[in-house]
Amino acid sequence: MGLRRPLSPKLAAPVPSQALNDARDALEVLDGVDVLEAWQWNTVERCWTISCRFTIPTEGHGVPRRSDWVVLVEATYPWGYIHLQPAMRNSVEATFPHQLLNRPANVGRPWRTGRICVDTGVRALGRQGVDREPFSVAGRLRWRLERTRRWLEVAACGGLVRPGDPFELPDFGSLPKPLVAFGENVDSLETWDGEKARYGVVRLVRLRQRPPVLVAKSFHDPGGREVYAPRWGTYINDPERPSEDGLWLRFNGTPHIEPWKAPMTWGELRRAAAEQDINLDEALQRLLERTRFGGASRLLVGFPIPAVVDGAARNMFWQALQLPEIPIETGMSSPGFRPGRARPTDVTRLAAFRDECSLTWLHSENWHADTVAARGQLPEVLTDAEVVLIGAGALGSAIGEMLVRGGLRRLTVYDHDLVMAGNLVRHTLTLADVGSFKAAALADRLNAMSARTEVRAITQAFPPDDEVSHALLRTTDIIIDATGENAVAHALSTYRWNSPKIFVSISLGLFAWAGFSFFSIGESFLMEDMLTALRPWLDRQAERFRDAEWPREGVGCWHPVFPARGDEVWMLASSALQHLVELVQSESDASELVVFERVEENGLFLGLRRVLSV
């Protein structure tokens, strides 16, 4: 007789916390809200739910006077999320602004997917930034439900968005993968406004396979003429990248079904197109025929969008759509196809394009610098400059990374050294780069950080010995020396620049006790001025570390290395970059040395003290 496995104890059903029960009790006095049940534990979402009925004064715009909703609350209440979802029955079925696509949820979720936004940023519901959400046990859930009742009242009046509110796209319910990126801004919108072509072929380059990331590299009309090509950087323009052709089709405005639902079937897309006087089937048929369609699997639907509601259009937005597989008929002729060659089947006769067939929208993003730099970037006077960075060591790699992440578009890196394992304790490169030229490896890394950056590597010491490098230097605006070597400073001072340049020499003190940033403008670098300004600080350094023992690397009697941690290098590099930004913006032409001195008290680091030494 085999051994019997002991029965697992039955897990006890979760019990709502006292905070949840107190929050429910606080709803009893809420006007226009009736709580329909006690807290229920949803095993699929792993959260607590409660059903409520909202009553508003009048119905309208697809909002009934009474509607049922499900409130989803995280078990950590009053912390965590609180989501308001329409119930499967007796609720709102349309999709409105400030709401996710509103359709039935999956099995195990007795609500619709149309979660609404009642955050303080929704201006129609209250004064932005003043009506703050409380986090008390009694107040937070009640505040959310009060806002939901107000949301319903405003939606019933058609007032969820007002002129001047931030524009938001309808929720397309896009698949998270693949990602399709494009680059559009105000300037490119002018190009599209002056373009007659309404459809064509888009060249998509693949940045990665898993998960798939595609970028629209260029748009062409059916005849092959380039209509628009975003100004991408080295990483995207790599000719070795695999590519594929997709299709593009322009709308006059955001395709949607009132009040604000993205088309989710071919029938709804036809309806949205017809409202803009676009015959979708005719456009698709001509597109497939004239472009000699064969294998394109994605369609980019483009439309101009504003920054604010009722504002002027700001840029084109391209919403990617997965095309169904289209069979090819042979032995027939049509415009653009020779007799006997393959031709697309009539779109209107294809089962996959019937009105009831669902659309598969793909996640789409605008990667133009005007959009992705919204979190913060360096001033244009710096990002638009041609910059040369001499030295791709720890300090140079930190400065280069901050420049590129800040929006710098054109950078040339000089360094003839190779990457060693010991560099990695404070360098931005990795073990995969050991044995490579620092300049080349750093350029590859920096190019992969930005869709628009063009970083070139010169794997030789400065000054260069070839005409191509000389030509690059003649067009340079800013030269940053991050070597800390007097030999490089001397080369900068004797090189024939032919035109005024901005020079910045950045170096670190021993054990990162200070950072030095020397700035000058002219047709030559003022090396003697820099050394004169540095001399008293270097004397202080010599006295301070006279008896210090340097760290050593390797075996032998003489392998000292420069002592400083990675975090200290980055801190001083950041301070030096701030100094450069200030000087470039001020348009100052005076040379100056700024010292960032480390301040400590009782062994505790307090910060950097900035000292100006003219």
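A disulfide here is a pair of cysteine sulfur atoms within 2.5 Å. Keep that rule at hand for the exercises below. This is a predicted model, in which local features need pLDDT of at least 70 and side-chain atom pairs count only at pLDDT 80 or more, while totals for chains, interfaces and linings use all residues. Residues are numbered from 1 along each chain as its sequence is written, and side-chain values use heavy atoms, with hydrogens and water left out.

**Exercise 1. Find how many disulfides the rule gives, and check Cys52 and Cys117.**

Step 1: Start with Cys52. Its closest cysteine sulfur is in Cys47, 14 Å away, so the two are too far apart for a bond.

Step 2: Now take Cys117. The closest cysteine sulfur again belongs to Cys47, at 18 Å, which is too far for a bond.

Step 3: Look at exposure, where buried means under 20% relative accessible area, exposed over 50%, and partly exposed in between (1.4 Å probe, protein chains only). Cys52 is buried at 0%, whereas Cys117 is partly exposed at 28%.

Result: the count comes to 0 disulfides.

**Exercise 2. Describe the salt bridge of Glu195, and say which parts of the chain the pair links.**

Step 1: Apply the rule: a side-chain nitrogen of Lys or Arg within 4 Å of a carboxyl oxygen of Asp or Glu. By this rule the model has 32 salt bridges.

Step 2: The partner of Glu195 is Arg225, with the closest N and O atoms 2.7 Å apart.

Step 3: Place both residues, using helices (H or I, at least four residues) and strands (E, at least two) as DSSP runs numbered from the N terminus. The pair links distant parts of the chain, 30 residues apart: Glu195 lies in the loop between H3 and strand S7 (199-208), and Arg225 in the loop between strand S8 (213-220) and strand S9 (226-228).

Step 4: Compare exposure. Glu195 is buried, because its relative accessibility is 14%; Arg225, at 43%, is partly exposed.

**Exercise 3. Work out where Glu582 and Arg610 sit, and how they meet.**

Step 1: Their side chains form a salt bridge, 2.7 Å from N to O.

Step 2: Glu582 belongs to helix H14 (residues 566-586) and Arg610 to strand S23 (residues 604-613), so this pair too links distant parts of the chain, 28 residues apart.

Step 3: Both ends are partly exposed: Glu582 has a relative accessible area of 37%, and Arg610 has 41%.

Step 4: Finish with a network, in which salt bridges with shared partners join Arg565, Asp567, Glu568, Arg598 and Glu600.
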